[in-house]
Amino acid sequence: MINSNATDLGDALVRPGLRALVPYESARRIGGSGEVWLNANENPYGRELTISAERWHRYPDFQPPAVIEGYARYAGVAPEQLLISRGADEAIELLIRTFCEPGVDNVIYCPPTYGMYNISSKTNLVALTEVPLDSDFQPDVAAILAAAADAKLLFLCSPNNPTGHLLERARLLALLDALAGKTLVVVDEAYIEFAMDATVVPLLAQYPHLVITRTLSKAFGLAGIRCGFTIAAPEVIGQLAKVIAPYPVPVPVAQIAAEALSAEGLARMAEQVSLLNSLRADFVSAMAALPNVKVWASHGNFVLLQVPDNLACMAAAAQAGIILRDQSKQKALPRCVRVTIGSEEEMLRTVNALENYLRSAG
Ligand SMILES: *Cc1c(COP(=O)(O)O)cnc(C)c1O
């Protein structure tokens, strides 16, 4: 059906359910100027890589064995429990496209949290039920179970972006027990390297409806190559593999990912994680010593702050060349900004800029 009131051809022909959709505001779409990028939870440390163009005239493997084997070894799972995708973002989308019938099924997500569970449900015209986190930023088990009647997917995030909280194990177990056989419980572990002891991978053996998403974008410092993983029971992976694009992992991406998963690559990642975790601890102490700010403990490479005025804080940081992420539109996060942990020098500069702002604010 052509919409005769539409303002242009795209508007006339787009799926009606998508006409009013506002796309995800990724850090790169929002932009901002400055040379200290603390707005996308990236790893501040780049590196030189050598890749070979020898195989670029051939289609890649559907799931490059070196990457699958490397990640299986690293994550402590079997190769059949893995799927590689274009970032964890594609994993989230694939789960929705594979398991949710538009107009019938339902996705549950728990804000304040990562934005793509919401956006990918909407782009697939799948209904979304919002069950907010409680005042400790933990999932509200009773409310989720009350809402879960026709839910195919429940998205949880641990460490949660942007609050930095880990999902309480007892709550996850309560949800897994109650939702067995009808709802896939997805735990997004995009930041798990910063709190590896908290991984829920050991629960996979017991809960075939548990799904974990992971990425090389954060701790591994490879946001630019777009490489993520789904870890799940082989029967869940098999369904996703029917839906994903035929050649989802470009050859150069596979080469770089395999290198990142080598013993050397893993050692480098672990070293950077411990450095970033200690820089985070320093940053949290520095903020805790300042007036006019609330700071939450975090298990990721980012820290959430509540300040007197989010826009003034963003502007003060921008004056000093630092780009932060405004989180004030998120549920229950008024006046909040998120600060990614950058290099030591970047953090000194950031503490300095925030100190100047906070001492004169309030
Ligand atoms: C960054 C992020 C992702 C997306 O990761 P990509 O692999 O870069 O697509 C997924 N989930 C959460 C919670 C994130 O913060």
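Start by selecting threonine 183 in this predicted model. Show its surroundings and leave out the neighbours within four places in sequence: the contacts of threonine 183 are then Ala148, Ala151, Lys152, Leu153, Leu154 and His209. Threonine 183 sits in the loop between helix 7 (169-179) and strand 6 (184-188). With a relative accessible area of 2%, threonine 183 is buried, because buried means under 20%. Now look at where its side chain goes: it reaches the backbone oxygen of alanine 151 at 2.8 Å. If you like to check distances yourself, pick the C-alpha atoms of threonine 183 and phenylalanine 155, which are 10 Å apart in space and 28 residues apart in sequence.

Keep phenylalanine 155 selected and add Tyr24, Tyr114 and Tyr117. Together, Tyr24, Tyr114, Tyr117 and Phe155 form one aromatic cluster. We will come back to aromatic rings in a moment.

Next, select asparagine 106, in strand 3 (residues 106-109). Is asparagine 106 buried or exposed? Its relative accessible area is 8%, so asparagine 106 is buried. For its side chain, display threonine 129 as well: a polar contact of 2.9 Å joins the two side chains. Again leaving aside neighbours within four places in sequence, asparagine 106 is in contact with Val126, Ala127, Leu128, Thr129, Asp150, Ala151, Lys152 and Leu153. You have met some of these names already: Ala151, Lys152 and Leu153 are also among the contacts of threonine 183.

Now centre the view on the ligand. Which residues around the ligand are the closest? They are Ala88, Asp188, Tyr191, Thr215 and Lys218, out of 13 residues that surround the ligand. Colour this shell by class and you should see five nonpolar, four polar and four charged residues. Helix 4 (residues 87-99) gives the largest share of the shell, three residues.

Three side chains deserve a distance label each:

- Aspartate 188 places a polar side-chain atom 2.6 Å from a nitrogen atom of the ligand.
- Lysine 218 has an N or O atom in its side chain 3.1 Å from an oxygen atom of the ligand.
- Arginine 226 has a polar side-chain atom 2.7 Å from an oxygen atom of the ligand.

Then switch on a surface for the ligand: on its own it has 380 Å² of accessible area, and the protein covers 94% of that.

For the last stop, go back to the aromatic rings. How many aromatic pairs does the structure hold? There are nine. Take tyrosine 71 and tyrosine 74 as one of them: their ring centres are 5.2 Å apart and their planes lie at 70°, so this pair is edge-to-face. Both tyrosines belong to helix 3 (residues 65-75), where they are three residues apart, about one turn of the helix. Tyrosine 71 counts as buried at 0% relative accessibility, and tyrosine 74 counts as buried at 18%.

Stay on tyrosine 74 and add phenylalanine 220. Their rings form an edge-to-face pair too, 5.5 Å centre to centre with 85° between the planes. Phenylalanine 220 lies in the loop between strand 7 (210-215) and strand 8 (228-231), while tyrosine 74 is in helix 3, so the pair ties together parts that are 146 residues apart in sequence. Phenylalanine 220 counts as buried as well, at 3% relative accessibility.

How values were computed: Residues are numbered from 1 along each chain as its sequence is written. This is a predicted model: local features need pLDDT of at least 70, side-chain atom pairs count only at pLDDT 80 or more; totals for chains, interfaces and linings use all residues. Side-chain values use heavy atoms; hydrogens and water are left out. Helices (H or I, at least four residues) and strands (E, at least two) are DSSP runs, numbered from the N terminus. Buried means under 20% relative accessible area, exposed over 50%, partly exposed in between (1.4 Å probe, protein chains only). A polar contact is a pair of N or O atoms within 3.5 Å; within protein, one must be able to donate a hydrogen and the other to accept it, and residues adjacent in sequence count only if both atoms are side-chain atoms. Contact means heavy atoms within 4.5 Å. A residue is near a molecule or strand if one of its heavy atoms lies within 4 Å of it. Accessible areas come from the Shrake-Rupley method with a 1.4 Å probe; for residues, only the protein chains shown count as cover. Ala, Val, Leu, Ile, Met, Phe, Trp, Tyr, Cys and Pro count as nonpolar, Asp, Glu, Lys and Arg as charged, and the others, Gly among them, as polar. Rings of Phe, Tyr and Trp (its six-membered ring) pair if their centres lie within 6.5 Å; planes under 30 degrees apart count as stacked, over 60 as edge-to-face and the rest as tilted.
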